[in-house]
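Walk through this structure with a few side-chain pairs as a guide. Helix packing and a buried helix face come after them.

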Amino acid sequence: WLKVCICFEDIAMASCNVGQRLQSLISQKTHNVPAKTPFDSAAVPPISVVDYVQRLSKCTKATAAAEVVAGGLLMRFLVRTRTALTLFNVHRLYLSSFVIALKLLEDEQYSMRHYARTGGIDVAELAQLESVFLQRIEWDLGLQTLELPKPSPSVRGRSVDSTDASSGSESDSDC
């Protein structure tokens, strides 16, 4: 069993949201994209990283815990594989870590079809990305509190067990 300990103080002290944090980590050297990996898109997706992260959270009704664990798993992947985060891979890498975190932590699950559609890819590709991601982190899914990134300010004051309320103009039918 996976045991994840998330201190409420860490959530309350959040300083930036996940999407903005990912945006700040993207390599500015996108013209020197490393060898093609399953996580690299042929073109930069038209949705910003911030909007993409918000869409995934909203359309899956993710808890704050899942968002934080997704960030921790993504950081583990980047460190262990020495992968540079680029505009070509950030969406697929985050989607992979996010779906894995949801499967680990959430009682209510959506279908792979829903996760894939919400993430803008097909089911077979999502399954491949999830598999490759897990292999590259050697199935190491346990996270220590110190490894977890700070969640978004929207998480402040939110219970770790609560779901995010709808935000923005996007309707649930858009998910």
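R92 is buried, because its relative accessibility is 15% and buried means under 20%. The model is a predicted one. The side chain of R92 meets that of E125 in a salt bridge, 2.8 Å from N to O. E125 sits in helix α7 and R92 in helix α5, which spans residues 90-105. The two residues are 33 apart, so this bridge is one of the links between distant parts of the chain. E125 counts as partly exposed, at 22% relative accessibility. Thus a buried arginine meets a partly exposed glutamate.

Why can such side chains come together at all? Side chains of opposite charge can pair when their charged atoms come close.

How many salt bridges does a search of the whole structure find? There are four. Another one joins the side chains of E130 and K103, at 3.0 Å from N to O. Again helix α7 and helix α5 are linked: E130 lies in α7, K103 in α5, and 27 residues separate them. Helix α7 covers residues 123-136.

Is E130 buried or exposed? E130 is buried, because its relative accessibility is 11% and the limit for buried is under 20%. K103, its partner, is partly exposed, with a relative accessible area of 37%. What surrounds E130? Leaving aside residues up to four places away in sequence, E130 touches S96, V99, I100, K103 and M112. K103 is thus both a contact of E130 and its salt-bridge partner.

Now turn to D140. Its side chain meets that of R76 in a salt bridge, at 3.5 Å from N to O. D140 lies in the segment after α7, while R76 belongs to helix α4, residues 64-81. The pair therefore ties together parts that are 64 residues apart in sequence. D140 is partly exposed, with a relative accessible area of 27%. R76 is buried, at 7% relative accessibility. This bridge does not stand alone: R76, R80 and D140 are linked in a network of salt bridges.

Next comes helix α6, residues 112-119. Which of its residues are buried? They are H114, Y115, A116, T118 and G119. These buried residues pack against three helices, namely α3, α5 and α7. After α6 comes G120. The phi of G120 is positive, near 85°.

Helix α3 leads on to another contact. Two packed helices are described by the angle between their axes and the distance between the axes. Helix α2 spans residues 18-25, and helix α3 spans residues 49-60. They pack at an angle of about 145°, with their axes 8 Å apart. The crossing of α2 past α3 is right-handed. Which residues make the contact? From α2 come V18, G19, Q20, L22 and Q23. From α3 come V49, V50 and V53. By class, this contact has five nonpolar and three polar residues, and no charged ones.

Look back over the route. Helix α7 is joined to helix α5 through E125 and R92, and again through E130 and K103. The segment after α7 is tied to helix α4 through D140 and R76. Helix α6 sets its buried residues against α3, α5 and α7. Helix α3 also packs with helix α2.

Notes. Residues numbered from 1 in each chain as written. Predicted model: local features only at pLDDT ≥ 70, side-chain atom pairs only at ≥ 80, totals over all residues. Heavy atoms only, no water. Axes fitted to C-alpha atoms, helices over the stretch in contact; angles between N-to-C directions. Helix = DSSP H or I, 4+ residues; strand = E, 2+ residues; numbered from the N terminus. Left-handed = near helix turned anticlockwise from the far one by under 90°. Contact = heavy atoms within 4.5 Å. Nonpolar A, V, L, I, M, F, W, Y, C, P; charged D, E, K, R; others polar. Buried < 20%, exposed > 50% of the residue type's maximum accessible area, 1.4 Å probe, protein only.
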